[in-house]
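Please open the structure in your viewer and display the side chains as sticks. The tour below proceeds by selection, with a short account of what is found at each stop.

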Amino acid sequence: MELTVLTVSFTLLLLMGVPVAFSIGLSSVATIVAAGLPVAVVFQKMVGGMQVFSFLAIPFFIFAGELMLHGGIAERIVRFANSLVGHVRGGLGMSNVLGCTLFGGIVGSPVADVSAMGSVMIPLMKKEGYDADYAVNVTTHAALVGALMPTSHNLILFTLATSGIASVSAFGLILAGVVPAFILTACNLLAAWWVARKRGYATHGAFPGWRAVAVAFAASVPGLLVVVIILAGILSGAFTATESASIAVAWAMLITVFVYRSLSWNNFMKACAKACKTTGVVLLLIGISAAFGYFLALYEVPQRTGELMKSVSSEPWVIFLMINVLLFLLGTFLDMAPTILICTPIFLPIAQQFGMDPLQFGVVMLINCALGLNTPPVGTVQFVGCAIGEVSVGQVMKTIGPFYGALGLCLVLVTYVPGFSLWLPRWVMAR
């Protein structure tokens, strides 16, 4: 009875257009009332869910990303990427892929990535004769790599969502996402080149020479160093994964104020305001999802879901396929944070039962969530890209196939070849 109330009320509220956080909270309250328990249980679980030291990494990573976003780093990264591959066929599209990947490694947010890089690259690509749908698809898919980067607060969210289920370290998950991020970037580069070649886009200029590439790279190095500092600091034991977020903020302030001198007071206040708003939303989701997760565990939702899946097939590859499909479908309706917080307690135990490592599952989860960000009806990243490119979502969806294929290939490799996500963490931990 209570499980029915939980499921039905949550689904109906979502269909009515109620924000996800309030849908989770109201369905939890409805379940408490149906079970005859004190409503205070919901608030106790909410407060307990937010009182975790590791959560300090979330506001710091968000703030660091906003400082980088408003600090003028995107233009220097674009110049470096364009000097490297801008001369080949579809070079501006490939420059876009590299630029979004590098900038995504700094801000750790696909939405921030497409907002910053898209506002620079999409109009430029249209001006140079590229179709608007191509420019948007290249930008939005390349921006998704940011979800796997060390500065992504979604990595921290996943490690916290696994509490009580598996022991997953934030550093281990950061390492697990490195190789898949490179694979995803390579797939995006291939898709951008193939579509440009198929459409016959012209080349733009000649290779400027390695000296010009070196100069452009040197200008972008201070911004790009944030990822190196985080990984090197954790590996050396100088600071923990949680403390690395505060280091990222300090470095962002240092380079945008004293090195680039591009962060104005007005932009600094905008970064503070946006970081506070985003942090508030994420922490609200975390607290409410803790209460929701309590009911999922109480009414054995993971176990029942696993039994249902096993009734379809007992083959691991089929189970993993079903998990991917369900995560993708849910990701098209929910943002990354609620998808991670709701689905991890349900699907991680099932994946472990069939032999998938928690770190590998974390990368699979993040790729699926990222793919959902670029798919209607929610599709936050795609809507931002379409707004910048002044093109309809329908037009973009008609030509999205090769780029979807690139992400799909990466997802298949990570799902069925554990070494792609587990080799680097195991190699580092062994030393």
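Begin with two sets of residues. In helix H18, select Gln 360, Val 363, Val 364, Ile 367, Asn 368 and Leu 371; these meet Tyr 404, Leu 407, Cys 410, Leu 411, Val 414, Thr 415 and Tyr 416 in helix H21. The residues of this contact comprise 10 nonpolar and 3 polar ones, with no charged residue. Please note that the model under inspection is a predicted one.

Next, select the two helices in full: H18 spans residues 358-373, and H21 spans residues 401-416. How far apart are their axes, and at what angle do H18 and H21 pack? The axes are 9 Å apart, and the angle is about 165°. Because angles over 145 degrees count as roughly antiparallel, H18 and H21 are described as roughly antiparallel to each other. The crossing of H18 past H21 is left-handed.

Remain on H18 and select Phe 361, together with Phe 158. The structure holds 7 aromatic pairs. Phe 158 and Phe 361 form one such pair, tilted, with 6.1 Å from centre to centre and 40° between the planes. Phe 158 belongs to helix H9 and Phe 361 to helix H18, so the pair ties together parts that are 203 residues apart in sequence. Are these two residues, Phe 158 and Phe 361, buried or exposed? Both Phe 158 and Phe 361 are buried.

Now follow H9, which covers residues 153-161, to His 153. His 153 has a relative accessible area of 12%, and because buried means under 20%, His 153 is classed as buried. Which residues does His 153 touch, leaving aside those up to four places away in sequence? Select Ile 58, Phe 61, Ile 62, Gly 108 and Val 282 to display these contacts of His 153.

For a further aromatic group, select Phe 63, Trp 265 and Phe 268. These three residues form one aromatic cluster.

The last stop is Ala 40, in helix H3, which runs over residues 40-50. Ala 40 has a relative accessibility of 40% and counts as partly exposed. Add Val 29 to the selection and draw a distance between the two C-alpha atoms. Ala 40 and Val 29 are 11 residues apart in sequence, and their C-alpha atoms are 9.3 Å apart in space.

Note on methods: Residues are numbered from 1 along each chain as its sequence is written. This is a predicted model: local features need pLDDT of at least 70, side-chain atom pairs count only at pLDDT 80 or more; totals for chains, interfaces and linings use all residues. Side-chain values use heavy atoms; hydrogens and water are left out. Axes are lines fitted to C-alpha atoms, for helices over the stretch in contact, and angles run from 0 to 180 degrees between N-to-C directions. Helices (H or I, at least four residues) and strands (E, at least two) are DSSP runs, numbered from the N terminus. Angles under 35 degrees count as roughly parallel, over 145 as roughly antiparallel, 65 to 115 as roughly perpendicular and the rest as oblique. A crossing is left-handed if the near helix is turned anticlockwise from the far one by less than a right angle, and right-handed if clockwise. Contact means heavy atoms within 4.5 Å. Ala, Val, Leu, Ile, Met, Phe, Trp, Tyr, Cys and Pro count as nonpolar, Asp, Glu, Lys and Arg as charged, and the others, Gly among them, as polar. Buried means under 20% relative accessible area, exposed over 50%, partly exposed in between (1.4 Å probe, protein chains only). Rings of Phe, Tyr and Trp (its six-membered ring) pair if their centres lie within 6.5 Å; planes under 30 degrees apart count as stacked, over 60 as edge-to-face and the rest as tilted.
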